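Here are a few exercises to help you find your way around a new structure. Try each task yourself before you read the solution.

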Amino acid sequence: MGESRLKTYIANKHRFKAFGLNVLSEIYLPELPQSHFEGDVADILIKKADLSLLWEELAGENKYFVINKDLIMFRLPDMAIYLIQKGNEIYYSPIGNANEDQIRLYLLGTCMGALLMQRMILPLHGSALEIDGKAYAIVGDSGAGKSTLASAFLKLGYQLISDDVIPVTLNEENIPMVTPAYPQQKLWIESLNQFGIESIDYKPIFNRETKFAIPVSNQFASKPLPLAGVFELVKTEDAEIELNPVQKLQRLNTLFNHTYRNFFISPLGLMDWHFSTTAKICEHIDIYQLRRPISRFTAHELTDLILASLNKEEKVYG
């Protein structure tokens with residue numbers, strides 16, 4: 001996951017593991033498993049700082065993002081300014097009486113996605129699962145049902161690798177590998193109800209009172225796994241479920257469209273890297289589009305269809 005190290009000293013030294021990286025954080029991150037690495041050498045530093053003057057200098061008026069080859073900054077009105085740089089530093093600057101839960105939401109989402117990209121680790125937007133020793137990614141637009149489908153797999157006993165940001169690297173043989181992120185899912189209350197899960201047992205994500213953080217430590221993958229397939233989940237008004245292979249150049253488009261915060265890629269100067277990386281990934285994986293009707297709850301049908309397709313492939317190629 002890269003050799004970059006950062007030695008620094010911060011006031012509150014919380015140590016965590018996420019995305020295969022050691023994290024030294026000034027803010028406590030209950031979503032992440034704690035780590036016990038020694039000293040103050042870490043892969044990622046998360047530190048509170050006053051970024052207001054730097055934002056005024058770089059952003060000017062009416063901007064939400066500043067992105068160049070050296071850094072990514074973004075500002076969320078009435079909440080915080082964030083700075084991500086060097087692939088190992090995340091700074092946050094609260095605005096007013098910003099809620100810490102909301103600050104953490106963006107630290108673990110947009111900030112981590114940006115940092116992974118700076119480290120030239122491909123962040124896909126979706127959920128990843130371990131099935132028979134391989135990683136399979138479920139990607140799609142917001143609201144497509146990625147986490148819900150992943151939860152249906154967990155109900156069948158499979159392991160979660162990542163939810164929201166999926167880190168993909170190429171090993172020495174150019175095999176795409178997925179590294180476990182951290183053991184948490186985010187599920188809407190409608191999905192909890194379908195799975196018979198009581199929402200009262202879980203904490204709502206700030207500002208999204210009907211979406212909940214669900215720990216899955218007992219079903220979390222422990223090591224990087226080869227990426228074998230990607231399923232693009234698409235909502236449709238049709239009555240039936242469809243599973244179709246994605247062909248030729250459309251495979252590259254699928255991976256680009258579902259790269260986390262893909263508008264970062266060009267201003268970071270990473271277009272060539274992204275094309276080269278996704279082209280190599282396409283040589284080793286299958287990509288499907290999975291169309292699901294919005295008229296009914298289909299997660300269990302979708303898991304059956306995916307598992308049947310994987311079993312069929314094993315019989316053909318095994």
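The exercises below look at salt bridges, a helix and a surface patch in this predicted model.

**Exercise 1.** Find out which residues are joined into one network by salt bridges that share partners.

*Solution.* Start with the total: the structure holds six salt bridges. Take the one between the side chains of arginine 104 and glutamate 31, at 3.0 Å from N to O. That pair ties together distant parts of the chain, with arginine 104 in helix 2 and glutamate 31 in the loop between strand 3 and strand 4, 73 residues apart. Next, look at aspartate 101, which also forms a salt bridge with arginine 104, with 2.9 Å between the closest N and O atoms. These two both sit in helix 2, three residues apart, or about one turn of the helix. Put the pieces together and you get a network of Glu31, Asp101 and Arg104.

**Exercise 2.** Are arginine 104 and glutamate 31 buried or exposed?

*Solution.* The cut-off for buried is under 20% relative accessible area. Arginine 104 has 8%, so it is buried. Glutamate 31 has 14%, so it counts as buried too.

**Exercise 3.** Work out where the buried residues of helix 5 lie, seen down its axis.

*Solution.* First list them: Arg251, Leu252, Thr254 and Leu255. They fall within an arc of 155°, so they line one face of the helix. Their cover includes strand 10, strand 17, helix 6 and strand 19.

**Exercise 4.** Which residues form a nonpolar patch on the surface?

*Solution.* Pick out Tyr64, Phe65 and Phe263, which together have about 310 Å² of accessible area. Then check tyrosine 64: at 53% relative accessibility, it counts as exposed.

Conventions
Residues are numbered from 1 along each chain as its sequence is written. This is a predicted model: local features need pLDDT of at least 70, side-chain atom pairs count only at pLDDT 80 or more; totals for chains, interfaces and linings use all residues. Side-chain values use heavy atoms; hydrogens and water are left out. Buried means under 20% relative accessible area, exposed over 50%, partly exposed in between (1.4 Å probe, protein chains only). Helices (H or I, at least four residues) and strands (E, at least two) are DSSP runs, numbered from the N terminus. The arc is that of the directions from the helix axis to the C-beta atoms. Contact means heavy atoms within 4.5 Å. Patches are made of residues with over 30% relative accessible area and no salt bridge: like charges are joined within 9 Å, nonpolar side chains (Val, Leu, Ile, Met, Phe, Trp, Tyr) within 5 Å. Accessible areas come from the Shrake-Rupley method with a 1.4 Å probe; for residues, only the protein chains shown count as cover. A salt bridge is a side-chain nitrogen of Lys or Arg within 4 Å of a carboxyl oxygen of Asp or Glu.
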